[in-house]
Amino acid sequence: AVMIIAMGLVSLKMNNDRYFKFQPTVLALIFSGVFAWFQIFDQPLMLHFLPHMEKLISTESVTLQAQKLPEAGPEPRADNSVLSLLHSESFKQVLGRISGQLIWLFLAHGLIMAYAALRWSTRSWFAWRLGIYPGLLMIVVINQLFQ
């Protein structure tokens, strides 16, 4: 948010909208760098979120079951099938592949938006800003389906 405001203010001060138009490129490069750092030097970033996913699923499952059970019922527990999926090697491999593919997704998004900022009108840039990221994300999802 700070970067968007700062680049917007610089664009207004300089009377040049390109500073604002480069905001998605800068963010894409930062995100790509973060994902690449974790992919190379640690474990894929998506795997870092497994404990949080487990907590979320456990809490949500307990809450939903508690709403259905009477007060004196047994202690509600999370669905074991979902938790076992989270800990399966195949799911971890999928998350690792997605983390790797997100590096390229953010790089592609940044390059496309840099080209759009330099060559296209503000209207065209905005249309691509809204449409290109979901399109690239769909490519990642489709790629996972055929892996």
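Let me begin with a definition, since the first number depends on it: a contact here means heavy atoms within 4.5 Å. With that in hand, and keeping in mind that what we are looking at is a predicted model, residues 24 or more positions apart account for 62% of the contacts in the chain with a separation of 6 or more.

As for the secondary structure, the chain holds eight helices and zero strands, so that reading along the sequence gives the pattern α-α-α-α-α-α-α-α. Of the 147 residues in the chain, 29% are buried, and the chain exposes about 10100 Å², with carbon and sulfur atoms supplying 69% of that area.

Let me turn now to the charged side chains. How many salt bridges does a search of the whole structure find? The search finds one, and in that salt bridge the side chains of aspartate 17 and lysine 21 meet at 3.5 Å, N to O. As to accessibility, aspartate 17 counts as partly exposed, at 36% relative accessibility, whereas lysine 21 has a relative accessible area of 4% and is therefore buried, the cut-off for buried being under 20%.

Finally, the nonpolar surface. Leu137, Met138, Val141, Ile142, Leu145 and Phe146 make a nonpolar surface patch of about 620 Å². One of these residues, valine 141, has its place in helix α8, which covers residues 122-145. Valine 141 has a relative accessible area of 40% and is partly exposed, and because patches are made of residues with over 30% relative accessible area, that value of 40% for valine 141 is in keeping with its place in the patch.

Conventions:
Residues are numbered from 1 along each chain as its sequence is written. This is a predicted model: local features need pLDDT of at least 70, side-chain atom pairs count only at pLDDT 80 or more; totals for chains, interfaces and linings use all residues. Side-chain values use heavy atoms; hydrogens and water are left out. Helices (H or I, at least four residues) and strands (E, at least two) are DSSP runs, numbered from the N terminus. Buried means under 20% relative accessible area, exposed over 50%, partly exposed in between (1.4 Å probe, protein chains only). Accessible areas come from the Shrake-Rupley method with a 1.4 Å probe; for residues, only the protein chains shown count as cover. A salt bridge is a side-chain nitrogen of Lys or Arg within 4 Å of a carboxyl oxygen of Asp or Glu. Patches are made of residues with over 30% relative accessible area and no salt bridge: like charges are joined within 9 Å, nonpolar side chains (Val, Leu, Ile, Met, Phe, Trp, Tyr) within 5 Å.
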